Amino acid sequence: MADFSETKKALVNCLEARIPLVIVDTNERERVEKAFAQIRAEKGYPIYYYTDSGQVEEVGKTTGISTNDDPLGFFLDRMKKNRNLNIVLGDVQNVSTDSLYARELVNLLYQACRSNSVVVIITSDNVWDRIRGFGISVTLDLPNEEERTAQINRFIESYQNRYTVEWTKDDILHAVALMKGFTEIQINNILSEEIISQNGLRSDRVYSLDRQKRRLYGKADAIQYIEVDPELQVSGMNNLKAWLEEKRQIFFMKDETLRKHDLKPPKGILLVGVPGCGKSLTAKMISSLWGIPLFRFDTGSIFDKWVGGSEKRMREALQFIEHVSPCILWIDEIEKGLSNSSSENDTSKRVLGEFLFWAQESSSRVFMVATANDVKALPYELYRKGRFSEIFFLGLPDREARAELFKQYVRRSLLEDIEPDLLSEVVEKTEGFSHSDIEAVVKEAAQSKLLGEAGFDLRAELLRSCEGVIPISRVNPELIREITEWGKDRTRNV
């Protein structure tokens, strides 16, 4: 694996060492062309370059060379008459198996050995072992963080006199992270579409770049994109929000900075606690706060009736997530798909193993938000550091949290502010209510108002709703005690 500068250096070394064959593994032919143009300018090496569309040309010169439609025959003839030639074949195909073209290329490589010449082939296909045996391979990675930053800055410099560019350094850093996995051409196309469609580069539009990325990859059955309101507000959770702000800065730091300190981007959080207390909403909140897309991973849908099918689907899902990173990966009720049941079969264990290995070793900017109601069903391997950055507990809201929830829900659903006296009264009456219980109280009142019932009285309706909703603490008090006891000394409070 190599970035542009490393690939260019490797190509120079191969030319100077006179290695008969160099295979450049990439689907970005234009970046290899740029590398050879720079090598020609800096070193002065004559380089012949062939593509199906451009035919043969000498790098650095504008006139083409006639080959009589047989480039390999043309180069073979040249090698018989000259030594020390440098030949580059662009977009090479049909070399993965024993074919007529592959055999002609083998003949050319034998002649390259005799004439001290170098043949470079640019391809993203597999290469027949007989051909590969003549030389070495060089892999050109997609643009790295530094290259993406430089390309975006060049783009901005080119267009800032014609369009409004609002992007700050933080916006550029955010865009650089979102563009991971793009080719140079794709990055340029996305920036061009954005600047034309919006008549500039706006700060409030940076998060939307991820939508372009989703169009580049096929769907994964177990992965669902979740639309999130970028202005989403969530009450409470102050400890978690402070922790997230700190981790957000690290998540978007440059790879080089993290490597210098032997660090990786934060892996994510495991949220355990009482059902209906905002665990699922937290995933949406993080997506909104960090400005990156949210994907829901349905681990239960991974399992397949065919032998090996479940493991394959898990790998495909994780590969898709790697492609669309940076992102938030929400795994709702993780215990249902990755349990620690004694009846667990071999397939479940292998699927769990695939996930655990990825969670431990992946360096992609994927922040996992896993929620669990029955935490005892989870395998202990999930708790170890390196797979989740932290475990947070969400219990029943206290007085202060209930007050914030009522103010938020009344403003959102009833389109008015709740009076302090009424707020104090409903907070007192909802001891033991979860987030979803309080939401149900307010929305019950909102429905009455929407139906236009005569003489709507907010106080009367809220108090009536409080009496009508049976909170989870009364429905299943044993569960609440068990979950709360487990999380008291094992987790951090939100």
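## Strands, helices and hollows in a predicted model

The buried residues of helix α13 are G309, S310, E311, M314, A317, L318, F320, I321 and V324. The model discussed here is predicted.

Reader: Good to start with α13! What span does α13 reach from its first C-alpha to its last?

Author: Happy to take that one. Helix α13 covers residues 309-324, which makes 16 residues. At 1.5 Å a residue, 22 Å would be expected. The model comes close to that, with a reach of 23 Å.

Reader: Which strands does α13 lie across, and at about what angle does it run to β12?

Author: Helix α13 lies across β10, β12, β13 and β14. These strands belong to an open sheet with mixed pairing, in the order β10-β12-β13-β14-β11-β15-β16. Relative to β12 (294-297), the helix runs at about 175°.

Reader: Which strands stand at the edges of that sheet, and why is one side of each left without a neighbour?

Author: A strand at the edge has a single partner strand, so one of its sides has no neighbour in the sheet. That applies at both ends of the order, and the two strands are β10 (223-226) and β16 (492-493).

Reader: Let's move inward. Is β13 largely enclosed or open?

Author: The side chains help here: C327, L329 and I331 point one way from β13, while I328 and W330 point the other way. Residues on both faces are buried. Since 5 of the 5 residues of β13 are buried, the strand is largely enclosed by the rest of the structure.

Reader: Which residues stand opposite L329 in the strands that pair with β13?

Author: Strand β13 (327-331) is joined to β14 (366-372) by 5 bridges, and the two run parallel. It is also joined to β12 by 3 bridges, again in parallel. Along β14, I331 has A370 as its bridge partner. As for L329, it stands opposite M368 in β14 and, in β12, opposite F295.

Reader: M368 is a nice lead. Which elements each supply at least two residues of the lining of the largest cavity?

Author: The count comes to 3 cavities of 30 Å³ or more, and the largest holds about 50 Å³ of space. Its lining consists of K267, W358, A359, S362, S364, V366 and M368. The elements supplying at least two of the lining residues each are α14 (346-361) and β14.

Reader: And the second largest pocket: which residues lie nearest its centre?

Author: About 610 Å³ of space lies in that pocket. Two or more lining residues come from each of α7 (169-178), α9 (209-214), β10, α10 (238-251) and α12 (279-290). The lining has 29 residues, and those nearest the centre are H174, Y207, L289, W290 and G291.

Reader: There is another open sheet of 7 strands, β4-β3-β2-β5-β6-β1-β7. Which are its edge strands?

Author: Here too the pairing is mixed. An edge strand pairs on one side only, and that picks out β4 (64-65) and β7 (135-139).

Reader: Within that sheet, which residue of β6 does N86 stand opposite?

Author: Strands β5 (86-89) and β6 (118-123) run parallel and are joined by 4 bridges. In this pairing, the residue opposite N86 is V118.

Reader: Last one: at about what angle does α2 run to β2?

Author: Helix α1 (4-17) lies across β1 (21-25), β5, β6 and β7, and runs at about 165° to β7. Helix α2 (29-43) lies across β1, β2 (48-51), β3 (55-58), β5 and β6. Its angle to β2 is about 165°.

Definitions and conventions: Residues numbered from 1 in each chain as written. Predicted model: local features only at pLDDT ≥ 70, side-chain atom pairs only at ≥ 80, totals over all residues. Heavy atoms only, no water. Expected span 1.5 Å × (residues − 1). Buried < 20%, exposed > 50% of the residue type's maximum accessible area, 1.4 Å probe, protein only. Pairing = 2+ DSSP bridges. Contact = heavy atoms within 4.5 Å. Axes fitted to C-alpha atoms, helices over the stretch in contact; angles between N-to-C directions. 1 Å grid on protein atoms, 1.4 Å probe; cavity = no way out; pocket = protein on both sides within 12 Å on 5 of 7 lines; lining within 4 Å. Points joined across faces, edges and corners; volume = space filled by probe spheres on them.
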